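Trainee: I am new to this structure. Please take me through it in questions and answers.

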Amino acid sequence: MVNDTPILTAEGITMEFRGFVAVNNVNLSVREGSIHALIGPNGAGKTTVFNMLTKFLTPTRGRIEFRGQDITTLKPAEVARLGLVRSFQISAVFPHLTVLDNVRVALQRPSQLATQFWRSSRVLSHLDDRALELIDAVNLSSYAHLPAVELPYGRKRALEIATTLALDPTMLLLDEPMAGMGHEDIGRISDLIRQISKGRTVLMVEHNLHVVSDLCDRVTVLARGEILADGSYDAVSADPRVREAYMGTEHE
Ligand SMILES: Nc1ncnc2c1ncn2[C@@H]1O[C@H](COP(=O)(O)OP(=O)(O)OP(=O)(O)O)[C@@H](O)[C@H]1O
């Protein structure tokens with residue numbers, strides 16, 4: 001359920017690369033429970049904003065809060081522990097491990113417990129139960145024993161999402177989840193994102209505007225490093241400034 005409480009907010013975030021202002025004074029508020037998209041033409045600054053929000057870049061100016069806590073200077077692993085997790089961040093898929101082993105590895109990662117603890121068979125079997133649950137949640141049960149490298153492309157994305165969910169995020173940040181996908185995979189991953197967004201918040205950078213219109217409750221449009229529009233897909237896509245910004249670009 002979307003509510004009015006912001007879970008992630010950015011106030012006046014700015015990123016300068018040696019004097020070049022890639023992102024200028026961006027304000028963003030992501031509501032708890034929403035699926036929020038960050039869109040904009042090439043070079044608009046989406047990746048830079050995304051990297052600031054996930055703490056891969058520290059803003060030159062401005063402030064970022066997650067659930068009321070100032071996270072502006074925290075490291076990616078620190079915000080991940082708070083429940084703000086970027087897909088593919090800690091969850092690189094090991095190609096020669098099976099789907100099940102990949103998820104098991106991801107499940108062991110956030111633990112602060114001693115390695116010794118994990119050797120107990122009781123704990124390992126609990127880990128298997130949870131891993132199989134996650135694999136089922138992303139519809140990969142029939143692939144559980146296949147090495148990741150043998151998965152079709154769209155299924156690899158599903159595995160990456162499973163390994164991200166292993167960290168039990170409150171909020172997921174997805175960087176172009178549909179990149180490089182065919183029609184069928186796009187439908188499947190859209191369904192998956194909708195399903196995993198229940199009880200969570202999702203922020204995604206996405207180029208495919210059909211996906212954005214279908215999936216997202218709210219859309220922020222960036223152009224030339226600044227916010228151009230913010231609102232429902234219908235509202236922002238009707239905005240003449242947004243239409244103009246997209247004109248002459250390769251976007252649909
Ligand atoms: N590390 C960097 N050093 C210098 N300039 C950078 C750096 N990273 C990004 N930029 C510049 O900042 C601007 C915004 O880039 P960014 O990658 O954030 O845009 P984008 O909206 O994600 O684009 P795309 O849709 O093409 O991925 C671009 O002009 C880019 O060249």
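Mentor: Helices and strands here are DSSP runs, counted from the N terminus, with at least four residues (H or I) for a helix and at least two (E) for a strand. The model is predicted.

Trainee: In which element does His36 lie?

Mentor: Outside its own neighbourhood of four places in sequence, His36 touches Val30, Val202, Leu203, Cys216, Asp217 and Arg218. The element that holds His36 is strand 3.

Trainee: Is His36 buried or exposed?

Mentor: A residue is buried if 20 or more other C-beta atoms lie within 10 Å of its own. His36 has 24 C-beta neighbours inside 10 Å, so His36 counts as buried.

Trainee: What distance separates the C-alpha atoms of His36 and Leu215?

Mentor: Along the chain, His36 and Leu215 are 179 residues apart. In space, their C-alpha atoms are separated by 8.7 Å.

Trainee: How many helices and strands are there in the protein chain?

Mentor: The protein chain has 252 residues, of which 38% count as buried. Its elements are 10 helices and 10 strands.

Trainee: Which residues of the largest nonpolar core touch the most other members?

Mentor: This core has 67 residues. Domain 1 (1–82 + 171–183 + 199–252) and domain 2 (91–166) both give residues to this core, so the core lies between them. One of the two residues asked for, Ala162, touches Val103, Leu134, Ile135, Ala137, Val138 and Leu140, not counting residues up to four places away in sequence. The residues that touch the most other members are Val103 and Ala162.

Trainee: How many residues does the contact take from domain 1 and from domain 2?

Mentor: The domain assignment gives domain 1 as 1–82 + 171–183 + 199–252, and domain 2 as 91–166. The contact takes 4 residues from domain 1 and 4 residues from domain 2.

Trainee: Which element gives the most to the shell around the ligand?

Mentor: The residues around the ligand are Phe17, Phe20, Ala22, Gly40, Asn42, Gly43, Ala44, Gly45, Lys46, Thr47 and Thr48. Two elements give two or more residues to this shell, strand 2 (20–31) and helix 1 (46–53). By class, the shell divides into 4 nonpolar, 6 polar and 1 charged. The element that gives the most, with 3 residues, is helix 1.

Trainee: Which residues of helix 1 are buried?

Mentor: Of the 8 residues of helix 1, 6 are buried, so helix 1 is largely enclosed by the rest of the structure. The buried residues are Lys46, Thr48, Val49, Phe50, Met52 and Leu53.

Trainee: Where is Gly45 found, and is Gly45 buried or exposed?

Mentor: Gly45 is found in the loop between strand 3 (35–39) and helix 1. Leaving aside neighbours within four places in sequence, Gly45 is in contact with Ala22, Val23, Leu222 and Gly225. There are 22 other C-beta atoms within 10 Å of Gly45, so Gly45 is buried.

Trainee: What is the phi of Lys55?

Mentor: Lys55 lies in the loop between helix 1 and strand 4 (61–66). With 23 other C-beta atoms within 10 Å, Lys55 is buried. Its phi is positive, in a residue other than glycine, and is near 75°.

Trainee: Arg224 also has a positive phi; what is its value?

Mentor: The place of Arg224 is in the loop between strand 9 (218–223) and strand 10 (226–231). Arg224 has 15 C-beta neighbours inside 10 Å, so Arg224 counts as partly exposed. Although Arg224 is not a glycine, its phi is positive, at about 50°.

Trainee: Over how many bridges do strand 7 and strand 8 pair?

Mentor: Strand 7 (residues 171–175) is mostly covered, with 4 of its 5 residues buried. Strand 6 (residues 84–86) runs parallel to strand 7 and is joined to it by 3 bridges; Arg86 stands opposite Leu173 there. Strand 7 also pairs in the parallel sense with strand 8 (residues 201–205), and the number of bridges is 5.

Trainee: Which residue in strand 8 is the bridge partner of Leu174?

Mentor: Strand 8 pairs with strand 7 in the parallel sense. In strand 8, the bridge partner of Leu174 is Met204.

How values were computed: Residues are numbered from 1 along each chain as its sequence is written. This is a predicted model: local features need pLDDT of at least 70, side-chain atom pairs count only at pLDDT 80 or more; totals for chains, interfaces and linings use all residues. Domain bounds come from an automatic or database domain assignment. Two residues are in contact if their C-beta atoms, placed from the backbone, lie within 7 Å. A nonpolar core is a set of buried Ala, Val, Leu, Ile, Met, Phe, Trp, Tyr and Cys residues joined through C-beta atoms within 7 Å. A residue is buried if 20 or more other C-beta atoms lie within 10 Å of its own, exposed if 12 or fewer, and partly exposed in between; C-beta atoms are placed from the backbone. A residue is near a molecule or strand if its C-beta atom, placed from the backbone, lies within 6 Å of it. Ala, Val, Leu, Ile, Met, Phe, Trp, Tyr, Cys and Pro count as nonpolar, Asp, Glu, Lys and Arg as charged, and the others, Gly among them, as polar. Two strands pair if DSSP finds at least two bridges between them.
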